Amino acid sequence: MDSTTSGLDFAVLGHQDSWENISDFINGIRTSNEGELTNEKIKEIFSFIPPRTLFRMKVRSNTGAEIKGTYIETFIEPDKLDSSFLRVNIAKVRNAVSYAKKTKAKIATLGGFTSIVLEGNLDPFSDGETRFTTGNTLTAAFIVKGIEKAARDRNVNLKESSILIVGATGDIGIACTNFLKNKAAKLLLSARNYLRLEKLAVELINDGQQVIYSVNIQDLIPEADIIICVASATGIQLSNLKSGVIICDAGYPKNLETRLEQTKGVHLFHGGMGQIAGGYDLEPDYSGTFYRYAAPHIVHGCILEAIVLAFENRFESYSEGKGKITTDRMEEIYNLSIKHGIDLAPFYNAKGLWSQDQNI
Ligand SMILES: NC(=O)c1ccc[n+]([C@@H]2O[C@H](COP(=O)([O-])OP(=O)(O)OC[C@H]3O[C@@H](n4cnc5c(N)ncnc54)[C@H](OP(=O)(O)O)[C@@H]3O)[C@@H](O)[C@H]2O)c1
């Protein structure tokens, strides 16, 4: 596909979250003459593929506006996301950034780990026509708006609740924590680095918020009525959960071990996700093999941030750096999102949409 296409409003730099997805996707786009590739073969070649456009998108706003975008795959391997692969992943993101600039898209968003490996530092990319954003402001907004809605639907009073944030010192974690400050009875904060946790906790306590923090999640779980998981980690185990606990797993890939989604008395949803009422088209149409969700037109908050900014003709680095997201900006981008018919995705998890008994 041509890498120097102009006229694009937005670009998305992304990566896949599992080999299963990659295999479905790659074999889904191969012709019957080419035959299917085995997982071993796919793993052998995947990492060597340079960044490229996988498909174009047309997205429609409730205002009647239509914008054009492109999805650029970085070919970061899903099981090589941790810090020991940082250098190779940074190189892949940089190559994808150069590719995105050539598309001359007016704004580009760095999905999932593509912004994490850069620690949100987008300064080196600010030359040229394309503006870059991490998409974390709208992601954080969808997470907290999801928590507020899930609590309302289940008659849980935030003011009387203890909310645990796993990954509280990350970019999205800090944004969620600050948004929830003085809206919950108690904030329970967890991450691995004690000093960063302590610094955040002291700031919140000085602002009148009751806080408990620990590097050991298990210390905090028994007290949590609500849990937000926004860590850059996978396979996190949670035990001794309160019955009826509401959990938002907003990680990409998912933070929590999948067993939890099957656990009785746990109301877990995949958070940070929005749904586009006006819909979108993919070209080629990979909707059967890519981006499959429990309901149509569900999209990650980080991608939606670029889409909303493009609808608004605001081609700016709306989210960059770490710890800079304010509650006012979360409200602003969320309201703009609503204006274009992009609201919270319905609650779902690996089992599908929440059933009626989880909604009430
Ligand atoms: N749903 C969406 O649309 C969307 C959009 C963007 C990003 N995301 C996902 O959101 C998550 C957070 O992104 P971010 O940009 O905020 O990342 P970040 O800035 O790197 O923050 C990650 C946080 O997780 C903590 N952490 C890392 N490993 C941990 C572990 N094993 N146990 C507990 N805490 C751990 C880190 O602190 P320590 O290092 O001290 O542990 C830090 O507090 C990622 O999974 C990302 O892919 C989702």
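Which strand pairs with E6 in the parallel sense over four bridges? Exercise 1 works this out.

This is a predicted model, where local features need pLDDT of at least 70, side-chain atom pairs count only at pLDDT 80 or more, and totals for chains, interfaces and linings use all residues. Residues are numbered from 1 along each chain as its sequence is written, and side-chain values use heavy atoms, with hydrogens and water left out.

**Exercise 1. Describe the surroundings of strand E6.**

Step 1. Locate the strand. E6 covers residues 162–166. Helices (H or I, at least four residues) and strands (E, at least two) are DSSP runs, numbered from the N terminus.

Step 2. Find the partners. Strand E9 (residues 226–229) pairs with E6 in the parallel sense over four bridges. Two strands pair if DSSP finds at least two bridges between them. Leu164 has Ile227 of E9 as its bridge partner. Strand E7 (residues 186–190) is also parallel to E6, over five bridges. There, Ser162 stands opposite Lys186.

Step 3. Trace the connection. E6, helix H6 (residues 171–180) and E7 make a right-handed β-α-β unit. Right-handed means that, with the strands pointing away from the viewer, the path from the first strand over the helix to the second runs clockwise.

Step 4. Check burial. Five of the five residues of E6 are buried, so the strand is largely enclosed by the rest of the structure. Buried means under 20% relative accessible area (1.4 Å probe, protein chains only). One face holds Ser162, Leu164 and Val166; the other holds Ile163 and Ile165.

**Exercise 2. Work out the order and edges of the sheet that contains E12.**

Step 1. Order the strands. The open sheet runs E14-E12-E15, with antiparallel pairing.

Step 2. Identify the edges. E14 (298–300) and E15 (342–344) each have a single partner strand, so one side of each lacks a neighbour in the sheet. The twist averages 40 degrees from one strand to the next.

Step 3. Inspect one pairing. E12 (residues 273–276) and E15 share three bridges. Gly274 is bridged to Leu344 in E15.

Step 4. Add a helix. Helix H9 (residues 301–311) packs on the sheet and touches E12, E14 and E15. Touching is contact, with heavy atoms within 4.5 Å. The direction of H9 makes about 95 degrees with that of E14. Axes are lines fitted to C-alpha atoms, for helices over the stretch in contact, and angles run from 0 to 180 degrees between N-to-C directions.

**Exercise 3. Decide whether Thr134 is buried or exposed.**

Step 1. Place the residue. Thr134 is in the loop between strand E5 (131–133) and helix H5 (136–153).

Step 2. Read the accessibility. Thr134 counts as buried because its relative accessibility is 1%.

Key
Buried means under 20% relative accessible area, exposed over 50%, partly exposed in between (1.4 Å probe, protein chains only).
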